[in-house]
Amino acid sequence: EQMVQAEAVPQSVIMKNFFQRYTPLQIIMHIGAWFPLARLVFDFLTDNLTANPIQAMEQRTGRAAVTLLLLSLACTPMNTLFGWKEPLKRRRALGLYAFLYATVHVLIFLDLDFGLAWSLIIQTVFQKPYIIVGMTAFLLLIPLAVTSFDVWKIRLKKNWKRLHQVVYFIAPLVILHYGWSKKGTFLALQGDIVRPLVYGLVLLLLLIFRLPPVRRALASLRDRLLLPLLRPKSQPKPTSE
């Protein structure tokens with residue numbers, strides 16, 4: 001019997017199919033979302049996590065969770081400001097990545113930091129109220145992550161949107177947890193507060209952009225400024241001699 005060998009698919013065809021399936025924004029999003037975890041693992045394996053590696057892992061996974069959560073909240077304003085629809089398709093993935101890092105953050109705290117010693121964990125929680133705030137935010141994120149898939153949209157119908165609007169309550173809790181855990185005073189603008197303050201201002205801006213009057217004003221401004229630039233110019237009619 002003769003063996004029929006399949007012709008090798010040209011690399012150009014493979015790359016073309018790849019970019020037809022995944023958009024540049026999608027590729028950047030996935031690479032950017034996995035990068036903090038990959039870097040964390042690399043630094044752990046190379047013993048490059050400062051003198052307190054557990055604290056460093058907690059802080060870095062926490063920052064990644066906050067950043068990705070804010071990026072998921074930025075998708076709708078991006079659509080409102082620029083009429084860019086693709087970020088709306090990436091909103092769910094960004095939210096799930098944020099939940100992933102929040103889960104790793106909590107597991108590091110419970111296991112690596114306290115060795116699942118629940119009595120000590122409970123004692124520490126009551127001594128540091130910012131942990132209660134963070135744990136509340138994490139517990140509220142769980143139903144959002146579980147119901148983020150399309151099947152739950154069908155099952156919950158209108159309640160799905162109501163449920164996921166809880167993220168507007170969760171996000172301030174996350175920022176409060178992050179800022180409260182830092183050493184410093186916000187009112188006096190002293191200590192390690194710059195990054196939490198920036199996160200808080202970004203969140204405030206994103207929430208303002210979601211207010212219906214603001215969204216309508218921004219959409220109207222976008223239409224006046226961008227649409228004339230995107231509209232093709234009419235060609236002048238040829239004059240008859």
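## Salt bridges and helix packing in a predicted model

The structure holds 5 salt bridges, and they make a good way into this predicted model. As a reminder of the background, side chains of opposite charge can pair when their charged atoms come close.

### The overall fold

Let us set the scene before looking at individual pairs. The protein has 12 helices and 2 strands. Following the sequence, the elements come in the order α-α-α-α-α-α-α-α-α-β-β-α-α-α. Of the 241 residues, 31% are buried. Among contacts with a separation of 6 or more, 62% join residues that are 24 or more positions apart.

### Three salt bridges with their distances

The table lists three of the pairs, each with its N to O distance.

| Basic residue | Acidic residue | N to O distance |
|---|---|---|
| Arg-90 | Glu-86 | 3.3 Å |
| Arg-92 | Asp-150 | 3.1 Å |
| Arg-222 | Asp-223 | 3.2 Å |

Where do Arg-90 and Glu-86 sit relative to each other in helix H4? They are 4 residues apart in this helix, which spans residues 86–113, so about one helical turn separates them. This fits the geometry of the element: an α-helix has 3.6 residues a turn, so residues three or four places apart point the same way. Both Arg-90 and Glu-86 are buried.

The pair of Asp-150 and Arg-92 is a salt bridge between two helices: Asp-150 belongs to helix H7 (residues 150–156) and Arg-92 to helix H4, so the pair ties together parts that are 58 residues apart in sequence. Asp-150 is partly exposed, at a relative accessible area of 43%, and Arg-92 is also partly exposed, at 36%.

In the third row, Arg-222 pairs with Asp-223. Asp-223 counts as partly exposed, with 32% relative accessibility.

### A neighbour of the buried pair

Thr-23 brings us back to Arg-90 and Glu-86. This threonine is found in the loop between helix H1 (11–21) and helix H2 (24–45). Leaving aside residues up to four places away in sequence, Thr-23 touches Glu-86 and Arg-90, the two partners of a salt bridge. How far apart are Thr-23 and Glu-86 in sequence and in space? They are separated by 63 residues in sequence, while their C-alpha atoms are 9.1 Å apart. Thr-23 itself is partly exposed, with a relative accessible area of 23%; the cut-off for buried is under 20%.

### Helices H2 and H3

Two packed helices are described by the angle between their axes and the distance between the axes. For H2 and helix H3 (residues 53–82), the axes come within 10 Å and cross at roughly 175 degrees. Angles over 145 degrees count as roughly antiparallel, and H2 and H3 are therefore roughly antiparallel to each other. On the H2 side the contact is made by Ala-33, Pro-36, Arg-39, Leu-40, Asp-43 and Phe-44, and on the H3 side by Met-57, Arg-60, Thr-61, Ala-64 and Leu-68. Sorted by class, this contact has 7 nonpolar, 1 polar and 3 charged residues. What links Arg-39, Asp-43 and Arg-60? They are joined in a network of salt bridges, and these three residues take part in the contact of H2 with H3.

### The two sides of helix H5

Helix H5 (residues 118–127) has three buried residues, namely Ile-121, Thr-124 and Val-125. They cover an arc of only 105 degrees around the axis, which puts them on the same side of H5. Ser-119, Phe-126 and Gln-127 are exposed on the other side of H5. Which helices do the buried residues of H5 pack against? Their partners are H4 and helix H6 (129–146).

### Two loop residues with positive phi

Most residues other than glycine have a negative phi, and most peptide bonds are trans. Two residues of this model are worth a look with that in mind. Asp-47 is not a glycine, yet it has a positive phi of about 55 degrees. Asp-47 lies in the loop between H2 and H3 and counts as exposed, with 71% relative accessibility. Leu-116, also not a glycine, has a positive phi of about 60 degrees. Leu-116 has its place in the loop between H4 and H5 and is partly exposed, at a relative accessible area of 41%.

Definitions and conventions
Residues are numbered from 1 along each chain as its sequence is written. This is a predicted model: local features need pLDDT of at least 70, side-chain atom pairs count only at pLDDT 80 or more; totals for chains, interfaces and linings use all residues. Side-chain values use heavy atoms; hydrogens and water are left out. Buried means under 20% relative accessible area, exposed over 50%, partly exposed in between (1.4 Å probe, protein chains only). Contact means heavy atoms within 4.5 Å. A salt bridge is a side-chain nitrogen of Lys or Arg within 4 Å of a carboxyl oxygen of Asp or Glu. The arc is that of the directions from the helix axis to the C-beta atoms. Axes are lines fitted to C-alpha atoms, for helices over the stretch in contact, and angles run from 0 to 180 degrees between N-to-C directions. Angles under 35 degrees count as roughly parallel, over 145 as roughly antiparallel, 65 to 115 as roughly perpendicular and the rest as oblique. Ala, Val, Leu, Ile, Met, Phe, Trp, Tyr, Cys and Pro count as nonpolar, Asp, Glu, Lys and Arg as charged, and the others, Gly among them, as polar.
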